[in-house]
Amino acid sequence: MAHPSIQDLTVHVTNKLSSKMLIVHCRSGDDDLGAHCTEIGSEFRWSFKSNAMATTLFWCSLAVEDKRLSFVAYGDEVPYFFEHWNVYDGGLYGKDARDGSERFMGAWRRIWLP
């Protein structure tokens with residue numbers, strides 16, 4: 001029988017940019033999910049089980065042209081959890097499964113490219 005704190009979870013990162021390809025690269029301490037190019041309107045998603053020690057952590061890096069954004073997509077000890085993350089021109093939003101509202105969670109950073 002599975003430990004009661006172990007859950008099956010799925011996280012979705014959806015490209016809602018107005019006109020750009022989005023690169024999504026997510027990883028944990030154990031798994032590197034690789035970089036994925038997502039077209040407008042498409043998503044990258046993965047499923048996993050949280051562990052009994054409550055130490056599961058996934059973080060993601062997003063890239064579009066000269067902009068970057070990094071965030072914790074799931075953490076057992078993080079005070080929020082969104083199954084759906086939406087990426088817009090204006091930044092990253094977590095979608096609340098209870099009422100469908102979106103919460104702003106991060107802005108793009110411009111990086112210098114030689």
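Both phenylalanine 71 and tryptophan 85 are buried in this predicted model, and they offer a good way into the fold. Their rings form a tilted aromatic pair, with 4.7 Å from centre to centre and 50 degrees between the planes. Phenylalanine 71 belongs to strand β6 and tryptophan 85 to strand β7 (residues 84-88), so the pair links distant parts of the chain, 14 residues apart.

This pairing of rings has company: the structure holds 8 aromatic pairs. One of them joins tryptophan 46 to phenylalanine 58, again in a tilted arrangement, at 5.6 Å centre to centre and 50 degrees between the planes. Because tryptophan 46 sits in strand β4 (residues 43-49) and phenylalanine 58 in strand β5 (residues 57-64), this pair ties together parts of the chain that are 12 residues apart in sequence. Tryptophan 46 and phenylalanine 58 are both buried. They also belong to a wider group, since ring pairs link Phe44, Trp46, Phe48, Phe58 and Tyr74 into a cluster.

The strands themselves come next. As a general point, the strands of a sheet pair through backbone hydrogen bonds, and they can do so in a parallel or an antiparallel way. Both kinds appear around strand β1. With β4, strand β1 pairs in the antiparallel sense over 7 bridges, and one residue to look for is aspartate 8, whose bridge partner in β4 is lysine 49. With β7, by contrast, β1 runs parallel, and 4 bridges join the two. Here valine 13 has tryptophan 85 of β7 as its bridge partner; tryptophan 85 is also the residue whose ring pairs with that of phenylalanine 71. Strand β1 (residues 8-15) is mostly covered, with 6 of its 8 residues buried.

An open sheet can be followed through 5 strands, in the order β3-β2-β5-β6-β10, with antiparallel pairing. Its edges are β3 (32-38) and β10 (109-110), each of which pairs on one side only. Further in, β2 and β5 are joined in the antiparallel sense by 6 bridges. Isoleucine 23, for example, has alanine 63 in β5 as its bridge partner.

Two charged residues in these strands deserve a closer look. Arginine 27, found in strand β2 (residues 22-28), is buried yet has no salt bridge. The nearest side chain of opposite charge is that of aspartate 32, 4.4 Å away; a salt bridge is counted only within 4 Å, so this pair does not qualify. The side chain of arginine 27 does make a polar contact, at 2.9 Å, with the side chain of histidine 25. Leaving aside neighbours within four places in sequence, arginine 27 is in contact with Asp32, Leu33, Leu57, Phe58, Trp59 and Ser61. Phe58 in that list is the ring paired with tryptophan 46.

Lysine 67, in strand β6 (residues 67-75), gives a second case of a buried charged residue without a salt bridge. For lysine 67, the nearest side chain of opposite charge belongs to aspartate 89, at 5.5 Å. With neighbours within four places in sequence again left aside, the contacts of lysine 67 are Leu62, Asp89, Trp108, Arg109 and Arg110. Among these, Arg109 and Arg110 make up the edge strand β10 (109-110).

Methods:
Residues numbered from 1 in each chain as written. Predicted model: local features only at pLDDT ≥ 70, side-chain atom pairs only at ≥ 80, totals over all residues. Heavy atoms only, no water. Buried < 20%, exposed > 50% of the residue type's maximum accessible area, 1.4 Å probe, protein only. Lys, Arg positive; Asp, Glu negative; His and termini not counted. Contact = heavy atoms within 4.5 Å. Phe/Tyr/Trp six-rings, centres within 6.5 Å; stacked < 30°, edge-to-face > 60°. Polar contact = N/O pair within 3.5 Å; in protein donor to acceptor, adjacent residues only side chain to side chain. Pairing = 2+ DSSP bridges.
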